[in-house]
Every structure is written in structure tokens, then in C-alpha cells.
Amino acid sequence: GGSLVSQTVCTKFKGDLGSLMTNIGTTRSRYIRCLKPNTKKQPYLMQHNSSVEQLRCAGVVAAVTISRSAFPNRLDLETALERFSCLTNSQQKHSMATGDINTRLEKLLDPLLKDLETKKEGKILKGYVCGKTRIYFRAGALEFLESQRISSMGSWATEIQRRIRGFVALAKFISLRSSAIKVQAVARSYAKQRLFHRSRRALISIQNWVRGINCRAALDTLRKNTNASKIQSYWRMVRAVSSLAEYRVAAVIIQSQLRGARQRPIYRAALAESIEESKFENQLKSLQRKLEEAEKRRIEAEKKRLEAEKRAAEAPEKIVVVHKEVPSRSNSAAYQQLVTQNDTEAQELIKRQQKQIDEQYQLLEQ
């Protein structure tokens with residue numbers, strides 16, 4: 001929504017003044033003078049005669065005329081050095097690499113504006129004067145430098161065009177040369193191919209003629225030797241068949257003898273192994289039976305000893321229990337000796353059985 005209070009003349013003037021100051025802040029103005037553009041008080045309308053008259057009355061035209069009579073043109077030091085450094089050669093650029101900006105500008109402009117120097121009262125007046133931030137040119141000095149700069153730029157442009165045209169012409173020449181080489185290569189290849197095909201046809205004809213002569217001679221020899229070859233091949237076949245039958249019978253006999261000789265030790269070893277296994281099983285069963293009986297006896301004796309101790313604890317003064325110590329698993333030397341003897345016999349039996357199995361495997365591998 002809009003403002004509740006309408007704009008007054010003061011607010012409008014304040015807004016216009018603010019926009020004017022904003023525009024002035026975006027420029028690099030050195031002199032400000034307010035002018036009345038027209039007498040009709042209309043925007044975007046400029047009356048040139050009235051404006052020029054106002055400038056003349058304010059002294060702006062006279063100030064500009066006076067300033068242009070001595071040093072009409074001025075530039076920043078950095079801008080002048082950057083703009084006219086293209087007018088120096090490599091030696092001057094090397095000498096201008098050191099020093100402050102005023103010294104470098106003097107080294108740059110002294111040889112260029114030598115012709116514009118004048119003498120007045122025994123003093124030499126140069127075509128320019130360097131200040132702290134700007135350089136001031138006399139009448140005609142800046143125009144001369146600009147013309148020299150344009151000429152230098154034109155020569156550089158000509159050199160660039162010359163190099164580019166040379167590069168384009170060289171590329172075109174290389175392309176034409178490569179195309180000519182390719183055309184020549186194709187033509188030479190076509191000529192060589194025709195010569196090669198003609199030579200090959202002639203060589204093939206000679207080879208066919210020579211091969212035909214050799215084949216006819218070989219055919220005559222083959223016809224002469226065909227019958228003899230048939231008889232010899234039949235006789236050799238009969239001899240080979242009879243020899244094959246004899247060799248087959250002999251090979252069958254040798255294989256049967258060899259297989260019998262290899263299987264008999266294996267059979268004996270397997271038979272002995274089965275006998276040893278049956279013995280080992282019987283001995284193992286007997287040892288297990290003995291261990292079970294000894295364990296049962298120890299358990300019964302342990303039960304009796306516990307019952308006797310219980311009765312003795314119930315009536316210690318009346319009953320005197322006399323019992324024989326039964327071998328137990330913890331403190332009986334007889335029981336320990338029995339178990340150790342049974343374990344030793346079992347271990348020796350297992351070692352013998354393992355040794356026999358290893359010997360049988362060695363026989364099988366041989």
C-alpha cells in the first residue's frame with residue numbers, strides 16, 4: 001500500500017537531491033555547477049542556448065579556455081604509463097623496470113616529445129609536466145602521442161596479420177603438399193599393382209607349365225611302381241598281423257604273471273592283518289572285561305567299607321569293626337598297579353597293530 005501522507009514539495013526536492021548526489025557519487029566530477037535546463041519546467045527537455053549562456057555567465061567557459069591554453073590535457077600517472085608504454089623498445093623497457101613512476105614516465109616521454117620542447121628565457125620547456133598523481137600535457141602533445149600510439153598499434157596489427165596469414169598459407173601449403181604426396185602415392189601404387197599383377201600372371205603360367213611336366217613324369221613312374229607297391233604292402237600287412245597276434249599272447253601271459261606276483265604279497269599281508277585284528281579285538285575285549293570286574297570289586301568293597309564306618313560311628317563303644325582295607329582308586333597301590341599293567345598291555349598291542357598296518361601300506365605302495 002501507499003503512504004498515508006501525500007508527498008509535499010519539500011519531500012520531492014529531498015528525493016531529487018538524494019538521487020542527484022547518488023549520480024554524482026558514481027562519477028569522477030571535479031567541478032559542479034547547477035543549471036536550469038529549460039524555462040518550461042519540463043523533464044527531459046534541454047535548451048542548449050540557455051544552458052550555454054548560464055555556463056558563460058558562471059565563468060565555466062572562461063575557466064576551460066584558460067586551462068586549455070596552458071595544459072589542456074591531463075591523465076593519471078598509471079594510465080599514461082600503461083597507455084604509452086607500447087611506444088618503447090626492449091632496451092627502454094629494461095631501463096624503465098626500476099625507479100618510481102615519475103622517473104619511468106620521464107624515461108618514456110622524453111625521447112617521444114623531444115620535438116615539442118621549446119626554449120623560453122634560456123629554459124627548456126617540455127611538452128608535459130608530471131605532478132604527484134597526474135601528468136599534464138601541453139597543446140598538441142597528447143594528440144601527437146595518440147597518433148604515435150595508433151601508428152604503433154597499426155604496425156602491430158599488420159605484424160599479427162602477417163603472421164596469421166603466413167600461418168594460414170603454411171597450413172594450406174602443407175595440406176596441398178600432403179594431398180599431392182597422397183595422389184602420387186596412389187598413382188605409383190596403381191602402376192606398381194598393374195606391374196605386379198602382370199608379372200604374377202606370367203609367373204603363374206610358367207609354374208603351371210613346369211608343374212605339369214613334373215606331374216606327368218611322376219604319373220608315369222607311379223604307374224610303373226603301383227603293382228609292386230601293392231604286393232609289398234600286402235606281404236608287410238600279413239607279417240605285421242602275425243607278429244601282432246604273437247605279441248598279444250605274450251603280453252597277456254606277462255601281465256597275468258606280473259599281476260599275480262604283485263597281488264600275492266598284498267593278499268598275505270591282508271590275511272595277516274585280519275588275523276592280527278581278530279587277536280587284537282579278543283585281547284582288547286578280555287582287558288575290558290578285566291577292568292569292568294576290577295571296577296565292580298572296588299565299588300563293592302568301597303560300599304562295604306562305608307557301611308562299616310557308618311555302623312562304627314553309630315556304636316563306637318559296643319562294636320569293634322575289623323575290616324580289611326579294600327583297594328580304592330585314590331589310595332590303593334594294588335589297584336593302581338593293575339590299571340597301569342592293563343594300560344601298558346593295551347598300548348603295546350596298539351603299537352604292534354599300527355606297525356603292521358604301516359608295513360602293509362608300504363607293500364601296497366611298492
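Colleague: Hello! How many bridges join β4 to strand β5?
Modeller: Welcome! This is a predicted model. In it, β4 and β5 (residues 134-137) run antiparallel, and a hairpin through three residues joins them. Among the facing residues, tyrosine 128 stands opposite phenylalanine 137 in β5, and cysteine 130 stands opposite isoleucine 135. The number of bridges joining β4 to β5 is three.

Colleague: Which residue in β5 is the bridge partner of aspartate 76?
Modeller: Let's turn to β1, which runs antiparallel to β5 and is joined to it by four bridges. Along this pairing, arginine 74 stands opposite tyrosine 136 in β5. For aspartate 76, the bridge partner in β5 is arginine 134.

Colleague: In what order do the strands of this open sheet lie?
Modeller: β5 pairs with β4 through three bridges and with β1 through four. The open sheet has three strands with antiparallel pairing, and neighbouring strands are turned by 20° against each other on average, direction ignored. The order is β1-β5-β4.

Colleague: Which strands have one side left without a neighbour in the sheet?
Modeller: Follow the order β1-β5-β4 from one end to the other. The strands at the edges each have a single partner strand, so one side of each is left without a neighbour. Those strands are β1 (73-76) and β4 (128-130).

Colleague: Which side chains along β5 point to one face and are buried?
Modeller: The side chains of β5 alternate along the strand. Arg134 and Tyr136 point to one face and are not buried, which here would take under 20% relative accessible area. β1 likewise has an uncovered face with Arg74 and Asp76, and a covered one with Asn73 and Leu75. In β5, the buried pair is Ile135 and Phe137.

Colleague: What angle does the direction of α4 make with that of β1?
Modeller: Helix α4 packs on the sheet. There it touches β1 and β5. Its direction makes an angle with that of β1 of about 95°.

Colleague: How far apart are the axes of helix α4 and helix α6 where they pack?
Modeller: α4 (residues 77-84) packs with α6 (residues 101-112) at an angle of about 35°, and α4 passes α6 in a left-handed crossing. Leu77, Glu78, Ala80, Leu81 and Phe84 in α4 meet Ile101, Asn102, Arg104, Leu105 and Leu108 in α6. The axes of α4 and α6 are apart by 10 Å.

Colleague: How many residues in the contact of α4 with α6 are nonpolar?
Modeller: We can sort the contact residues by class. One is polar and two are charged. The nonpolar count is seven.

Colleague: How many helices and strands does the protein chain come to?
Modeller: Stepping back, the elements run α-α-α-β-α-α-α-β-β-β-β-α-α from the N terminus on. Counting each α as a helix and each β as a strand, the secondary structure comes to eight helices and five strands.

Colleague: What percentage of the residues of the protein chain count as buried?
Modeller: The protein chain has 366 residues. It exposes about 30300 Å², with carbon and sulfur atoms supplying 58% of that area. To count as buried, a residue needs under 20% relative accessible area. The share of residues that count as buried is 13%.

Conventions
Residues numbered from 1 in each chain as written. Predicted model: local features only at pLDDT ≥ 70, side-chain atom pairs only at ≥ 80, totals over all residues. Heavy atoms only, no water. Axes fitted to C-alpha atoms, helices over the stretch in contact; angles between N-to-C directions. Helix = DSSP H or I, 4+ residues; strand = E, 2+ residues; numbered from the N terminus. Left-handed = near helix turned anticlockwise from the far one by under 90°. Contact = heavy atoms within 4.5 Å. Nonpolar A, V, L, I, M, F, W, Y, C, P; charged D, E, K, R; others polar. Pairing = 2+ DSSP bridges. Buried < 20%, exposed > 50% of the residue type's maximum accessible area, 1.4 Å probe, protein only. Areas by Shrake-Rupley, 256 points an atom, 1.4 Å probe, with all protein chains shown as cover.
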